[in-house]
Amino acid sequence: MLAPITRVGAKFTLNDEGHDEAKGVYGDLLGEHESIKAVRALVARIAQSPVRQVLLYGETGTGKGLVARLIHRLSPRAARPLIDVNCAAIPATLMESELFGHERGAFTGAQFAKPGLIEAAQGGTLFLDEIREMDLQLQAKLLTLLDTHEFRRLGAIKSTRVDVRFIASTNRILLSEVKAGRFRDDLYWRLQVVAVNIPPLRDRGDDVLLLAETFLREHGARVGRTIRGLEPRVAEIFRLYSWPGNVRELENLIERIAILEREDVVQVKHLPDRILREVEGRAPPATLAADSLASAISRGFHDATEDFQRALIAEALKRAGGRHGRAARLLRLSRHALRHQMLKLGLATVQAAD
Ligand SMILES: Nc1ncnc2c1ncn2[C@@H]1O[C@H](COP(=O)(O)OP(=O)(O)OP(=O)(O)O)[C@@H](O)[C@H]1O
Ligand SMILES: [Mg+2]
């Protein structure tokens, strides 16, 4: 397992204070968890650096596409193109000519010369999404290009020089692909020099709530509604759930709720069974129900403990049939102490008879 932190390559180190150079400038990689601040800081450094190849690692939906766009936007290359190539979506047989382009007559049907996506990204960034889907022979060509900054169109004699930054992404640990012989180890080590690990949502603490509320505002506004927030128990469930689809799963869920549900607060009944089932199985045994604790915390220590004291006294009085002396004994307080508490908590204004 990779640790949910940003790994840095040989040329880059995070500064020790975790100084968040990026904050405020790129609001769209949201999150206040230390691991996300570290990703933002690293992204800012990479963007400004001359490094030519970057590897983004993260589970599905963690924000690899978002980070790739950020790196481009924050770099001196921002005015030049960002070309996004999904290696899983283009058939292997077409990939080579798509990327490298071809000369006229390079193969049957090549009636005109055509530049590839690498040339189209000149001066900018080429994002190779799901790089492990690239076949081994193309991986070799890519490595040569990374080393020499030159390549040949299919059928060309002369090579072309390019200035492109390559950002590759993967949602699987590439080293196991290397061991299985599906990924070239030389390319792997080359890409690994500057790698960004984007942590899964479940490891980002309260960021799940911050993101949920942002998505509620955005998707609520889109359908003309104001959704005030999450019920305390829902917040608790969001913190416990494992979010296998990460930020995308959260955003899709919130969007669905904004569109389909009528209430102005997200409630447990709005959540799909799979989430509830998983969380039920994992919730720690609690002396106080988790939802009452969560709502207590949201009211603050002072108000919450006073509320609890009021509830205790009210319950003791009920059991004592309203008689203060008996209620005091149930609570192991003196009558005087009980009266004092009731006055303090606003439960009595004058001394009641026993
Ligand atoms: N930290 C974040 N703040 C705000 N939105 C985010 C954040 N991370 C991800 N998102 C949003 O979540 C969605 C999924 O992110 P993205 O497509 O970048 O994930 P991915 O890692 O590329 O996923 P996949 O592996 O499936 O391609 C996008 O709509 C993106 O804008
Ligand atoms: Mg993606």
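**Ligand 1 and three helix pairs**

Let me begin with the ligand: the shell around ligand 1 draws at least three residues from each of domain 1, which spans 34-199, and domain 2, which spans 202-282. Please keep in mind throughout that this is a predicted model.

How many residues surround ligand 1? There are 17 of them, and the closest are Leu30, Gly63, Lys64, Gly65 and Val247. If you look for the elements that give two or more residues to this shell, you will find α2, residues 64-73, and α10, residues 246-260. Sorted by character, the residues of the shell comprise five that are nonpolar, eight that are polar and four that are charged.

Now I would like to follow α10 away from the ligand and turn to its packing with α8. The axes of α8 and α10 lie 9 Å apart, and the two helices pack at an angle of about 40°. Because angles under 35 degrees count as roughly parallel and the range for roughly perpendicular starts at 65, α8 is called oblique to α10. The crossing of these two helices, α8 and α10, is right-handed. On the α8 side the contact includes Val208, Phe215 and His219, while on the α10 side it includes Val247, Ile254 and Ala258. The residues of this contact between α8 and α10 divide into nine that are nonpolar, two that are polar and two that are charged. Notice that Val247, which meets α8 here, was also named among the closest residues to ligand 1.

Staying with α8, which covers residues 207-222, we can look at its packing with α9, residues 232-240, where the angle is about 120° and the axes are 9 Å apart. That angle makes α8 oblique to α9, and the crossing of α8 and α9 is right-handed. Here Val208, Leu209 and Ala212 of α8 meet Ala235, Phe238 and Arg239 of α9. In this contact of α8 with α9, five residues are nonpolar, none is polar and one is charged. Val208 and Ala212 take part in the contact with α9, and both are also listed in the contact with α10.

My last pair is α5, residues 136-148, and α7, residues 185-192, which pack at an angle of about 45° with their axes 9 Å apart. These helices, α5 and α7, are therefore oblique to each other, and α5 passes α7 in a left-handed crossing. Gln139, Leu142, Leu143 and Leu146 of α5 make the contact with Asp186, Leu187 and Arg190 of α7. By character, the residues of the contact of α5 with α7 are four nonpolar, one polar and two charged.

Terms used:
Residues are numbered from 1 along each chain as its sequence is written. Chains are lettered from A and ligands numbered from 1 in the order in which they are written. This is a predicted model: local features need pLDDT of at least 70, side-chain atom pairs count only at pLDDT 80 or more; totals for chains, interfaces and linings use all residues. A residue is near a molecule or strand if its C-beta atom, placed from the backbone, lies within 6 Å of it. Helices (H or I, at least four residues) and strands (E, at least two) are DSSP runs, numbered from the N terminus. Ala, Val, Leu, Ile, Met, Phe, Trp, Tyr, Cys and Pro count as nonpolar, Asp, Glu, Lys and Arg as charged, and the others, Gly among them, as polar. Domain bounds come from an automatic or database domain assignment. Axes are lines fitted to C-alpha atoms, for helices over the stretch in contact, and angles run from 0 to 180 degrees between N-to-C directions. Angles under 35 degrees count as roughly parallel, over 145 as roughly antiparallel, 65 to 115 as roughly perpendicular and the rest as oblique. A crossing is left-handed if the near helix is turned anticlockwise from the far one by less than a right angle, and right-handed if clockwise. Two residues are in contact if their C-beta atoms, placed from the backbone, lie within 7 Å.
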